[in-house]
Amino acid sequence: MTTHGGFEPVFCTIVPPHVLDKLSQAEDPALAGPARRTLERDALERTHRRLTTVVGAPSVAPPAGAEPARPHRTVHDARHGTDLPGHKVRGEGDKPGKDATVNRAYAGLGATFELLLKAYRRDSIDGNGLPLDATVHYDRDYNNAFWNGEQMVFGDGDGEIFLDFTIPIDVIGHELVHGVTQYTANLTYFGQPGALNESVSDVFGSLIKQYTLGQTAAEADWLIGAGLLAPRVTGKALRSMKEPGTAYDDDVLGKDPQPATMDDFVRTGRDNGGVHINSGIPNHAFYLAATALGGHAWERAGLIWYDVLTGGELKQQAMFADFATLTVKAARERFGDGEELDAVSKAWEQVGVRTL
């Protein structure tokens with residue numbers, strides 16, 4: 001597996017470490033225990049990913065006789081263990097079973113594949129028909145979902161703070177798009193490049209949800225992870241692209257720390273330099289551009305972002321200004337000096353990111 005900038009798969013989770021850190025300090029052991037175990041498991045998986053990167057990940061090709069431009073999905077069940085991939089429970093073309101989690105994972109893999117193919121003519125996340133593998137029922141009370149460089153993994157949540165991680169389709173899409181980034185721009189997972197990595201996954205995760213629901217930019221909720229938080233939590237999602245910093249404000253989880261503009265950029269050494277926090281800034285820029293253009297966001301705004309991600313000019317160490325500049329260039333090259341260029345330029349200006 002290679003990318004234009006040197007293959008370096010990373011371990012990417014949907015729930016940020018700062019959320020689990022806060023939860024792990026709760027007085028109630030029913031809340032703190034699962035969070036601590038999730039943090040420990042994430043640390044082990046992150047170490048495993050680094051070791052795999054050193055020795056080389058196995059190459060994965062479509063099965064013999066597989067049709068091009070068709071998904072090749074396999075869902076496994078970890079049965080609350082941690083050995084991956086687990087026991088195969090559904091393959092491509094198999095009928096739905098009784099396990100709703102398996103069925104949601106299968107459908108989410110398919111929805112991601114469909115958007116990439118129909119909107120961007122991309123055959124799976126690597127562009128060459130890569131099989132899409134997922135594991136559900138990972139560990140016990142595991143409060144996360146992740147892409148480990150090779151496959152998707154979903155926890156069931158603790159039922160107190162987080163519900164089943166296959167419920168929001170944008171979570172599935174978010175993690176799979178980390179794979180698209182891995183095979184294209186391969187953005188470094190630290191600081192502003194890491195925040196761009198996270199933002200790209202939020203952008204296309206949201207677009208996958210909007211595409212599946214047939215929503216316009218005006219109709220979409222622009223929330224990441226809606227339906228994931230348990231009823232006791234004061235919040236609506238993990239993140240909001242429309243209003244970064246407003247997704248949750250809870251006694252246990254704390255307040256959503258995402259900034260919407262560079263005026264509130266967070267400087268921190270935690271969370272790989274705040275990759276899940278400062279991603280709110282490019283997220284908001286995309287929301288502003290997409291809603292200014294109207295219609296289906298995956299068509300014009302989405303095409304511009306996709307062009308930048310896959311065009312070969314986006315460097316691994318790209319900063320916000322670098323990405324913004326390339327979106328302006330991509331808007332002009334694809335659509336000319338029209339409303340698309342104006343919407344993208346104004347969006348970055350509104351969030352305080354200068355285009356070079």
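The following conversation discusses salt bridges and one annotated domain in a predicted model.

User: How many salt bridges are there in this model?

Analyst: The count comes to 16 salt bridges in this predicted model.

User: Let's start with Asp141. Which residue does it pair with?

Analyst: Asp141 forms a salt bridge with Arg37, and the closest N and O atoms of the two are 3.8 Å apart. The pair links distant parts of the chain, 104 residues apart. Asp141 sits in the loop between β4 (132-136) and β5 (145-147), whereas Arg37 belongs to helix α2 (residues 29-55).

User: Is Asp141 buried or exposed? And Arg37?

Analyst: Neither word applies, as there is a class in between. Asp141 counts as partly exposed because its relative accessibility is 34%. Arg37 also counts as partly exposed, with a relative accessibility of 42%.

User: OK, next one. What do the side chains of Asp202 and Arg239 form?

Analyst: The side chains of Asp202 and Arg239 meet in a salt bridge, at 2.8 Å from N to O. Asp202 lies in helix α5 (residues 191-213) and Arg239 in strand β8 (residues 239-240), so this salt bridge ties together parts that are 37 residues apart in sequence.

User: Are those two buried or exposed?

Analyst: Asp202 is buried, with a relative accessible area of 0%. Arg239 is likewise buried, its relative accessible area being 2%. Buried means under 20%, so Asp202 at 0% meets that cut-off, and Arg239 at 2% meets it as well.

User: What about Glu339, which partner does it have?

Analyst: Glu339 forms a salt bridge with Arg300, and their closest N and O atoms are 2.8 Å apart. Glu339 is in helix α10 (residues 339-350), while Arg300 is in the loop between α7 (280-293) and α8 (301-310); the pair therefore ties together parts that are 39 residues apart in sequence.

User: How accessible are they?

Analyst: Glu339 has a relative accessibility of 48% and counts as partly exposed. Arg300 counts as partly exposed too, at 21%.

User: Which residues are joined into one network?

Analyst: Asp170, Lys209 and Asp221 are joined into one network by salt bridges that share partners.

User: Changing topic: what does UniProt list for residues 185-353?

Analyst: UniProt, in an unreviewed entry, lists residues 185-353 as "domain: Peptidase M4 C-terminal".

User: How much of that span is helix, and how much is strand?

Analyst: The span is 47% helix and 5% strand. The C-alpha atoms at the ends of residues 185-353 lie 20 Å apart.

Notes. Residues are numbered from 1 along each chain as its sequence is written. This is a predicted model: local features need pLDDT of at least 70, side-chain atom pairs count only at pLDDT 80 or more; totals for chains, interfaces and linings use all residues. Side-chain values use heavy atoms; hydrogens and water are left out. UniProt positions are given in the numbering used here, feature names are shortened, and annotations may be inferred rather than shown by experiment. Helices (H or I, at least four residues) and strands (E, at least two) are DSSP runs, numbered from the N terminus. A salt bridge is a side-chain nitrogen of Lys or Arg within 4 Å of a carboxyl oxygen of Asp or Glu. Buried means under 20% relative accessible area, exposed over 50%, partly exposed in between (1.4 Å probe, protein chains only).
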